[in-house]
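Reader: I am new to this structure and would be grateful for a close look at one part of it. Please choose a pair of packed helices, and set that pair in the context of the whole.

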Amino acid sequence: MDMGNQHPSIKRLQEIQKEVKEFESQVVAFSGLSSDRAYKKLERTLTKQLFEIDSVDAEGRGDVQQARKRAAQETEKLLKELEQNANHPQRLEIESIFNEAQALVEQEITAFYKGGNCVTEEFEEGLQDIIFRLTQVKTGGKISLRKARYRTLTKICAVQEIISRCTKQQPSLPLSSDAHPSVSKINSVIGDVNKAKGTLIAVLMGVNNNETCRHLSCVLTGLIADLDALDVCGHPEIRNYRKEVVEEINRLQKYLDLEEEADSTYAYDLAQNGSIIKIEEIRNN
């Protein structure tokens, strides 16, 4: 058919369909809940497109009416899939398990805010049980569910790793401030880093609405800048001491990239992510 001879209403419907098609991948991979801002934005956008389709004047032409019907059906199908993704029983199960993890963290987070490193054995066992239960949630190969499970597991496993390092792999004992003027500053930064761990755990688990990953990243970057500014030339033991603290800060920075990484396709694609393959193997055994 000569595109130049198409009826204007047909052309307009094709334009709308093209716009709707651009949101298809977002809908298919949507892993959140109906209360999420991203859900509401997608829902508003697609609903607006439905209104646009409905406003196209068919002028009594059968071909335009059919084209309008097809465009509306395609858009309604995406809206339905979006709703199903957000309310899928397994998605709600994942959220319920995550809420349990949040409750556990809230019970223990005060010690970390104060720079402490003590957690109960019950807390560690509780986290491990939650991780195992998440691996048992069946996704049926559905992208949105794989993504939701991956993002939830990644956050909880990150918290587990942070706590493990706090309790088992502490940096060298603080050096005496008498050894060098820079030591007191490094010791002070260690205290700030320990407090930042508590903040990071709270941010990852969504139990601190007053802090953001971006701000925390700026704080950690500032601590590294403070350490880099110290003159420790000729003092290899102090330089190594500073290096340990910088490496610890860099490890914390890595966890702040979790949200961005989880939005990448490879992060929840079974064919490309070894961790997810391992999860599937555990679940199937």
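Author: A residue counts as buried when its relative accessible area is under 20%. By that criterion, 42% of the 285 residues of the protein are buried. The model under discussion is predicted, with a mean pLDDT of 84 for the protein; 81% of its residues reach 70 or more. One stretch calls for caution: over residues 265–273 the pLDDT stays under 50, although the model has 22 contacts for this stretch beyond four places in sequence.

The protein has 13 helices and zero strands, and its elements, followed from the N terminus, are α throughout. Among contacts between residues at least 6 apart in sequence, 75% join residues at least 24 apart.

The pair to examine consists of helix 8, which spans residues 181–204, and helix 10, which spans residues 236–255. Two packed helices are described by the angle between their axes and the distance between the axes. Here the angle is about 15 degrees and the axes are 10 Å apart. Angles under 35 degrees count as roughly parallel, and helix 8 and helix 10 are therefore roughly parallel to each other. Their crossing is left-handed.

Which residues bring helix 8 and helix 10 together? On the side of helix 8, the residues that meet its partner are Val183, Ile186, Asn187, Val189, Ile190, Val193, Lys197, Leu200 and Leu204. On the side of helix 10, they are Ile238, Tyr241, Arg242, Val245, Glu248, Ile249, Leu252 and Tyr255.

Helix 7, formed by residues 143–168, offers a further point of detail through two arginines. Arg146 lies in this helix, and Arg149 is found there too. Is Arg146 buried or exposed? Arg146 has a relative accessible area of 10%, and because the limit for a buried residue is 20%, Arg146 is buried. A polar atom of its side chain lies 2.7 Å from the backbone oxygen of Gly141.

Arg149 has a relative accessibility of 1%, so this residue also counts as buried. Arg149 and Glu95 are separated by 54 residues in sequence, while their C-alpha atoms are 9.0 Å apart in space.

Key:
Residues numbered from 1 in each chain as written. Predicted model: local features only at pLDDT ≥ 70, side-chain atom pairs only at ≥ 80, totals over all residues. Heavy atoms only, no water. Helix = DSSP H or I, 4+ residues; strand = E, 2+ residues; numbered from the N terminus. Buried < 20%, exposed > 50% of the residue type's maximum accessible area, 1.4 Å probe, protein only. Polar contact = N/O pair within 3.5 Å; in protein donor to acceptor, adjacent residues only side chain to side chain. pLDDT = per-residue confidence, 0-100. Contact = heavy atoms within 4.5 Å. Axes fitted to C-alpha atoms, helices over the stretch in contact; angles between N-to-C directions. Parallel < 35°, antiparallel > 145°, perpendicular 65-115°, else oblique. Left-handed = near helix turned anticlockwise from the far one by under 90°.
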